Structure formats: structure tokens, C-alpha cells
Amino acid sequence: MLRCRPSSSSMFAMTMNLIILPNLNPKIISTSSSSLIHTKHTPPFIHNNTTISLLHSRKNVSQSMTLSSNTATSSNSDSLVVISFYKFADFPDHADFRPPLKKLCEELRVSGGIILAPEGINGSLCGTRDSVERVLQFIQSDGRLNGLRQIESPVSPEEEELHHHGHSSSSPLAAGEDAPFRWDHVRVKLKKEIVSLGLPAVSPTEKVGQYVKPKEWNALITGPETVVIDVRNDYEIRVGRFRGAVDPRTSAFREFPNWVEDQFTLDESDDKHPKLDMDSSHEKNELEIDSQNQKMPKRVAMYCTGGIRCEKASSFLLNKGFQEVYHLEGGILKYLEEVPKSDSLWEGECFVFDKRVTVDHGLVPGSFKLCYGCKKPVSDADMESPEWELGVTCPYCYSSKSEEEKDRARARQRQFEAWGVIGGPDKGRRPVKHNSDNTVGNKSQLSS
């Protein structure tokens, strides 16, 4: 599941077209259509003559079509896909949906993770395209969940191996913690929220901010009265953010409401506090914010990785009295996919919750690696630190780990180096069934 970076559709009115461009993933491939309360302001940055075009030229297209139709059909049906999805909906009987959903996933050998909550569904599934689509069709057979927002991501050879054989040949997380791609394994969990803000009463199905297309985002965030807020976690913001964005310095999304309460005076009549200093210097690495509460800004623009956290965050701000709240449609990933680097206001790379760790413009894999001690991104410079130990610690978690925790991590790393999988060579694999008669015969032969 993408942390939530994962993806769905709340019940807002919109239209989204299928876009297929080579080597640019993940893709938003679905849409929903329904209604909810939006802010009433017309975005001041949208112009009628805006034209969005996606151009791609191919040479010798006919050379790529030499496979027979039978081979192509077989390849398409056997290849794996990973689709993340979400939808906010009024779903009080969500627990009743779990048994049939889990049973269907197991029957179709679809792996991954799904969260069901009174506010909707959020998940990420891996399997053959036909199997995953059958599961999604079943989910959307409930009218409340119809119109999932979906993002399709590429499946690497390593993930294919993990899905089919239950272990990875190179990831220290291996079988146990990479469960979303283990063979025949799906987790369907019941929770209070599909993305944890800590306030189940905040409902994007009732009120949500206005979506802004990636091509229109630059005009919005460069406006003089716009405050840009990054609603992701501190370790995500550390590797990249939009120029001039405010860093709330939160380690978890649940901390965002407290940050808003502490940061802003939620009373428009109170004008005695100064506005945010929107100095965008990266030498500070994060925006310096006065310790006093700031006056509620006229216009707020928010963004996150794929969009789900912004739905909750924008709904929260509107409930607190903010008047103009906008958020980036499709999140950072859609922006990096659609906006050329030459026109981009994005600085750095974007952290993603999969083995790519980070992506850059065009969604090409980035340069960061993952510390398996804390699951945070690390740069080449971080790995030169004396606090870096492969599979154990990095400069960001070294001081917080006890010697006992470090020793356990070293033991796990030794298991991986010896067997290529944590917990032994058979952990996470399909169990081998032995014929009882043959087993007895073998024992007899051994004893003789």
C-alpha cells in the first residue's frame, strides 16, 4: 500500500482520461463522478487559453509489432500489475465487506494490502491484470465504492520474484516485511481511518478543497497571497519539495492538526500577528516560522505524494474556517510526470513508498537508498557517515537505536547475506507437501 501513498477517489466531481505514455509511471487510470461541497472561489490563476498537450513521437513503430497476437495475449494475461486505489465514502458496515473480499483475493492469488474503515477503502494490490481487475470490479460492485481513484505502477523483476516465490533476491526486508508482494498473501485490515489523521470526523465526502491541475500549479503557488504547505512527513520533505513551501516538521500525518492549531490564529478578525515569512532560501533547508501563531492566510495550496493526504488535510482546514484551500491533483507524482523539468518548481526528488525509494522528473528512479533500520531515505553522502551500517543504522536513526536493537538488526542482515532472505531460506515460500508414503519409505531407507 502506498502510504499512503496509495490512491482513490473521494466523492468529488471530476473527469480523468486514461493516459498511456511509455516509461512514465505510476499512472492515474480511473475516475469517479459524484458530488460534494467545494469552496466557492474560482481559482484566480486559471486562464481560458490554457492548453495542455502531451506529445510523443515514435520511430519505426511497426518494428515493435512483430509478435503474434497469441503471444501478446498470453504475455498480457500473465504479466503482473500493481494498482493502488482509494475512495472516501460513507461505509459504516465496512467490517462485513472484509470476509468476501479477502476470500476473493486469495482465490485469485492477488497479494497486497487493503484498509477498510467507516470512511472508505484504501489499498494496493499485485497480481495478473485480469485477477486485479476482477477484485476491483468486486469492490466497485458496492455502489458506495464505485469510482475508485487508481494509480498503476510498474512491477520490477524483483517484485515479480517476490510475488511468485515468496522472497526477494536482494531486499533485506525480504519475505516477512514485503508482504504486499508475497505469493498468495493479502492483508485486509479494519481500521478507524483509511489514512490516519486521528480525526475520524473529518470527512472529505462532505467537504474538500479545490483540485488544481499540475499544469496550473505553478501559477497558483507563485501568487503573492498563497501559502504553500507540504503535508508530508519530515523525512519525505528532506529529499525534495516545492520551492518556497512551508515544512510543518511533522514525523507523522497525525501531527498535522496540532501543527495547524499551533501555527495559525483561527480567527479572521485577529490581524495582530504577522504573516508567514515566505523566504524560499534552501540554505535554511526548511522555512523558518515564527513561534507565535500566524494570521490565517487568504489562500492555502497543499500537496502530498499522490493526493490522499491532501483530501483529509483540506477538509480539516475548511472545517477550521480557512476560506480558499487548494491541493495538487494527482500529487507530486502527477506533477513530475506532466510538467517538464525546465518549467518545474520542484526541487530535489520525491520519496515513494516502494523499492524505488525516490523518483525524479519523468518519474525516473532517483538517487536515494533506504535505511532498513528506520526505513528512511539516505543519500550517498549519508552512507559515507560513520553512523551508516548496511541493514542496521543511518545518521538519522543511529542515536535512537539501542545496542540490543542494533545487534538484532545485524543478525537479520547476516541471515540475508547468508541465505538471501531473512529468517532462513524457506521463510515466506510456498510450503512443500510431502507424500506420507514416500516420507515413510525415505525414513526406512535412511534407517537401514
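Two strands are taken to pair if DSSP finds at least two bridges between them, and in this predicted model strands E12 and E13, which run parallel, are joined by 4 bridges. One of the residues involved is Met302, whose bridge partner in E13 is His327.

**The sheet and the helix across it**

The pair E12 and E13 belongs to an open sheet of 4 strands, arranged in the order E7-E13-E12-E8 with parallel pairing. The edges of this sheet are formed by E7 and E8, each of which pairs on one side only, and from one strand to the next the twist averages 30°. In general, the strands of a sheet pair through backbone hydrogen bonds, either parallel or antiparallel. Helix H6 lies across E7, E8, E12 and E13, and its direction makes an angle of about 135° with that of E12.

**Nonpolar cores**

In soluble globular proteins, nonpolar side chains tend to be buried together. The largest nonpolar core here comprises 29 residues, and those with the most contacts inside it are Ile229, Val231, Phe256, Val260, Met302, Leu317 and Phe322. At least two residues of this core are supplied by each of strand E2 (80-88), strand E3 (111-117), strand E8 (226-230), helix H8 (256-263), strand E12 (299-303) and helix H9, with H9 giving the largest share, 6 residues. Met302, then, is both among the residues with the most contacts inside this core and the bridge partner of His327 in E13. Setting aside residues up to four places away in sequence, Val231 touches Phe253, Phe256, Met302, Tyr303, Cys304, Arg309, Cys310 and Ala313. A second core, separate from the largest one, has 23 residues, including Phe85, Ile121, Leu125 and Val135.

**Salt bridges**

Side chains of opposite charge can pair when their charged atoms come close. The structure holds 19 salt bridges, including the three listed here with the distance between their closest N and O atoms.

| Acidic residue | Basic residue | N to O distance |
|---|---|---|
| Asp142 | Arg144 | 2.8 Å |
| Glu236 | Arg309 | 3.0 Å |
| Glu329 | Lys213 | 3.3 Å |

The bridge between Glu236 and Arg309 connects helix H7 (residues 234-237), which holds Glu236, with helix H9 (residues 308-319), which holds Arg309, so that the pair ties together parts that are 73 residues apart in sequence. Glu236 counts as buried because its relative accessibility is 0%, and Arg309, at 4%, likewise counts as buried, the cut-off for this class being under 20%. Arg309 is also one of the residues that Val231 touches.

The salt bridge of Glu329 with Lys213 links distant parts of the chain, 116 residues apart, with Glu329 in the loop between strand E13 (324-328) and helix H10 (331-338), and Lys213 in the loop between strand E7 (210-212) and helix H6 (214-221). Here Glu329 is buried, with 8% relative accessibility, whereas Lys213 counts as partly exposed at 33%.

In the bridge between Asp142 and Arg144, Asp142 counts as buried with a relative accessibility of 16%, while Arg144 is partly exposed, its relative accessible area being 30%. Through salt bridges that share partners, Asp93, Asp142 and Arg144 are joined into one network.

Note on methods:
Residues numbered from 1 in each chain as written. Predicted model: local features only at pLDDT ≥ 70, side-chain atom pairs only at ≥ 80, totals over all residues. Heavy atoms only, no water. Salt bridge = Lys/Arg side-chain N within 4 Å of Asp/Glu carboxyl O. Buried < 20%, exposed > 50% of the residue type's maximum accessible area, 1.4 Å probe, protein only. Core = buried A, V, L, I, M, F, W, Y, C linked by side-chain atoms within 4.5 Å. Contact = heavy atoms within 4.5 Å. Axes fitted to C-alpha atoms, helices over the stretch in contact; angles between N-to-C directions.
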